[in-house]
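This report describes one protein chain. It goes from the chain as a whole to its sheets, its core and a few single residues.

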Amino acid sequence: MKKLSDSNIKFVAGIFMISIFMISNSCSKSTAYNTPTTGNTGSTGGTGGPGANQVFIQGMAFNPASITVTAGTTITWTNKDAIAHTVTSDSNAFDSGSVKSGGTFSFTFSTAGTYSYHCTIHPSMVASVTVN
Ligand SMILES: [Cu+2]
């Protein structure tokens with residue numbers, strides 16, 4: 001009889017230890033659920049693709065490679081790459097100079113025509129703006 005109650009105490013103590021472990025475990029889980037609040041800061045540039053009158057410089061290319069706008073429209077280029085690029089008109093109509101990672105360049109197209117442009121750092125990067 002005495003032996004039985006002794007092992008009962010050990011059993012209860014064991015359950016107690018397990019429940020302590022589970023409570024502390026669920027506590028760390030609930031703090032983990034709170035972390036997405038800080039994760040929101042990571043979505044700064046998460047608006048997807050370029051909007052109207054916007055060109056993304058992304059993956060060593062201009063996106064979209066050809067864009068058509070009406071005269072008087074301002075186009076903004078945003079450098080989404082980790083390295084610098086330029087937005088340079090083939091006919092010297094505009095030249096951004098070096099645009100750093102995360103930087104932007106804007107130009108207002110007041111005269112109709114087709115404007116081919118490139119990146120002077122990476123000559124394979126070519127694109128065009130058509131102004132109607
Ligand atoms: Cu480039």
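A residue is called buried if 20 or more other C-beta atoms lie within 10 Å of its own, exposed if 12 or fewer do, and partly exposed in between; the C-beta atoms are placed from the backbone. By this count, 15% of the 132 residues of the protein chain are buried. The model is a predicted one: local features need a pLDDT of at least 70 and side-chain atom pairs count only at pLDDT 80 or more, while totals for chains, interfaces and linings use all residues. Residue numbers start from 1 along each chain as its sequence is written.

**Confidence and overall layout**

The pLDDT is the predictor's confidence in each residue, on a scale from 0 to 100. Its mean over the protein chain is 79, and 64% of the residues reach 70 or more. Over residues 11-45 the pLDDT is below 50, and this stretch has zero contacts in the model beyond near neighbours in sequence. Two residues are in contact if their C-beta atoms, placed from the backbone, lie within 7 Å. Among the contacts in the protein chain with a separation of 6 or more, 44% are between residues 24 or more positions apart.

Helices (H or I, at least four residues) and strands (E, at least two) are DSSP runs, numbered from the N terminus. The protein chain has two helices and eight strands. Along the sequence they follow the pattern α-α-β-β-β-β-β-β-β-β.

**Two open sheets**

Two strands pair if DSSP finds at least two bridges between them. One open sheet has four strands in the order S2-S1-S4-S6, with mixed pairing. Its edge strands are S2 (62-63) and S6, and each of them pairs on one side only.

Another open sheet of four strands has the order S3-S8-S7-S5, and its pairing is mixed too. Here strand S3 (66-69) and S5 stand at the edges with a single partner strand each, so one side of each is left without a neighbour in the sheet.

The table lists pairs of strands from these sheets, with one pair of opposite residues for each.

| Strands | Sense | Bridges | Opposite residues |
|---|---|---|---|
| S1 and S2 | antiparallel | two bridges | Phe 56 and Asn 63 |
| S3 and S8 | parallel | four bridges | Thr 68 and Thr 130 |
| S5 and S7 | antiparallel | two bridges | Ser 89 and Tyr 117 |
| S7 and S8 | antiparallel | six bridges | Gly 113 and Val 131 |

In a regular strand the side chains alternate between the two faces of the sheet.

**The nonpolar core**

In soluble globular proteins, nonpolar side chains tend to be buried together. A nonpolar core is a set of buried Ala, Val, Leu, Ile, Met, Phe, Trp, Tyr and Cys residues joined through C-beta atoms within 7 Å. Which residues have the most contacts inside the largest nonpolar core? They are Val 55, Ile 75, Trp 77 and Val 87, in a core of 13 residues. Strands S1 (54-57), S4 (73-79), S6 (104-109) and S8 (126-131) are the elements that give two or more residues to this core. Leaving out residues up to four places away in sequence, Val 87 touches Trp 77, Ser 96, Val 99, Phe 105 and Tyr 117.

**Residues in the loops**

Gln 58 is in the loop between S1 and S2. It counts as partly exposed because it has 15 C-beta neighbours inside 10 Å. Apart from its neighbours within four places in sequence, Gln 58 is in contact with Asn 63, Lys 80 and Asp 81. Gln 58 and Ser 101 lie 43 residues apart in sequence, and their C-alpha atoms are 10.0 Å apart in space.

Met 60 lies in the loop between S1 and S2, and it is partly exposed because 13 other C-beta atoms lie within 10 Å.

Most residues other than glycine have a negative phi, and most peptide bonds are trans. Met 60 has a positive phi, near 60 degrees. Asn 53 also has a phi near 60 degrees, a positive value in a residue other than glycine. Asn 53 is in the loop between helix H2 (36-39) and S1, and with 14 C-beta neighbours inside 10 Å it counts as partly exposed.

Where is Pro 64 placed? Pro 64 is in the loop between S2 and S3. The peptide bond that joins Asn 63 and Pro 64 is cis, with an omega of about 5 degrees.
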